[in-house]
Amino acid sequence: MKELEQLDKVVDVLDDELNQVDDLNVLQQKKASYLGKKGIIAQVMANMKDLTIEARKELGMRSNKIKQILEERFEQKKQAIENAIIDQRLKNESLDVTLPGVQFPTGGIHPLNQTIMDLEDLYIGMGYKVAEGPEIETDEYCFEKLNLPKGHPARDMQDTFYINPELLLRSQTSPVQVRTMLEEQGKPIKIVCPGKVYRRDADDATHSHQFMQFEGLVLGKDISLADLKGALLEMARKMFDKDREIRLRPSFFPFTEPSVEVDVSCGMCGGKGCNTCKQSGWIEILGAGMVNDNVLRMCGYNPEEIQGFAFGIGIERITMLKYRIDDIRNFYTNDVRFLNQFKEVK
Ligand code: PHE
């Protein structure tokens, strides 16, 4: 009977065809083409009415068997496709937690800013306020009110960039003292003023035409040089290490009397003498003194009632000493190899 032969072949043909299928829709269509009303099985059975009863019976049994096999094959294939889809999805969505993460480049705090932040932190902790002033200053505030009238020889200490005879790029942060005194009108003051200053210096390893200072001013009753020494010793120990000593040497600034230059004991040799400190055991870090009576008077203070001290720290200088940097130009040339070294500096 040719119908039986046809049925027997169907399973083999289907197996070959199913190997090509990997899509559920295609599988659905395929199933209809075999088991649907007009499918291959139905077509084979269409001629049943022409067969003998015996043959019909046999064909009927065989076709039920084959249908069952086909159903199983389709079901298996459906499962296989669904599993493959799930596998693929898991693969796509899986996360390998052992892979190294992506490194995003980050910036760091510039060492000079770090020094300013450290100093501000220290002085704010001692009750100081932070004051700021403009970088373009008047001759009056930068010099005259600081006891440096026009033509005074001590003006030569600071070679200044003038914009016109009355306006200049400030050569020191001391005019912020003047501004604050004029604003406070005789009241006690405790301020620090960080900021950029400019001088007509040729740039080299230790000079820069633009650098930064950190000025301090304390005015009140009975303020003495001992208070100044205390404020600076704290600073030296915070910025360098707790064993540092400082010493005050007599010096001259027109706006302070007496004036001192302040040295910190050398951290390289512990004070014994080495190349860094030129065998002296001490390194100069700043200028300071008791505010000159003339300055107090010019800025509206009565020296009989109120005295005080001022100091001016070179930010680059102490940053260079702290991190052992030997060329000031490193701070201003933006070489990332230099700057990257300070990323972790706290
Ligand atoms: N302004 C001075 C300078 O730049 C430093 C200084 C500040 C000295 C305050 C005494 C008091 O040289």
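This passage describes the ligand site, the two sheets and two backbone features of a predicted model. Residues are numbered from 1 along each chain as its sequence is written. Local features require pLDDT of at least 70, side-chain atom pairs count only at pLDDT 80 or more, totals for chains, interfaces and linings use all residues, and side-chain values rest on heavy atoms, with hydrogens and water left out.

The shell around the ligand holds 14 residues, of which Gln-172, Ser-174, Arg-199, Gln-213 and Glu-215 come nearest; a residue is near a molecule or strand if one of its heavy atoms lies within 4 Å of it. By class, five residues of the shell are nonpolar, seven polar and two charged. In this scheme Ala, Val, Leu, Ile, Met, Phe, Trp, Tyr, Cys and Pro count as nonpolar, Asp, Glu, Lys and Arg as charged, and the others, Gly among them, as polar.

Polar contacts (pairs of N or O atoms within 3.5 Å; within protein, one must be able to donate a hydrogen and the other to accept it, and residues adjacent in sequence count only if both atoms are side-chain atoms) include three side chains at the ligand. A nitrogen atom of the ligand lies 2.8 Å from a polar side-chain atom of Gln-172. An oxygen atom of the ligand is 2.8 Å from a polar side-chain atom of Arg-199, and an N or O atom in the side chain of Gln-213 is 2.7 Å from an oxygen atom of the ligand. On its own the ligand has 330 Å² of accessible area, and the protein covers 92% of this (Shrake-Rupley method, 1.4 Å probe; for residues, only the protein chains shown count as cover). Strand 6 (210-220), strand 9 (282-291) and strand 10 (307-314) each give two or more residues to the shell, and strand 10 gives the most, with three. Helices (H or I, at least four residues) and strands (E, at least two) are DSSP runs, numbered from the N terminus.

Strands 6, 9 and 10 belong to an open sheet of seven strands with mixed pairing, in the order 1-5-6-10-9-8-7; two strands pair if DSSP finds at least two bridges between them. Strand 1 (129-130) and strand 7 (246-253) each have a single partner strand, so one side of each is left without a neighbour in the sheet. Strands 6 and 10 run antiparallel and are joined by eight bridges, and Val-218 has Phe-309 of strand 10 as its bridge partner. Helix 5 (residues 111-125) packs on the sheet and touches strand 1, strand 5 (189-198), strand 6 and strand 10, contact meaning heavy atoms within 4.5 Å. The direction of helix 5 makes about 5 degrees with that of strand 6 (axes are lines fitted to C-alpha atoms, for helices over the stretch in contact, and angles run from 0 to 180 degrees between N-to-C directions).

A second open sheet has three strands in the order 2-4-3, with antiparallel pairing. Strand 2 (136-138) and strand 3 are its edge strands, each pairing on one side only. Three bridges join strand 2 to strand 4 (residues 167-169), and Ile-136 has Leu-169 of strand 4 as its bridge partner.

Two backbone features remain. Glu-257 and Pro-258 are joined by a cis peptide bond with omega of about -5 degrees, and Pro-258 is found in strand 8 (residues 256-265). Asn-147, not a glycine, has a positive phi of about 70 degrees and lies in the loop between helix 6 (139-142) and strand 3 (162-164).
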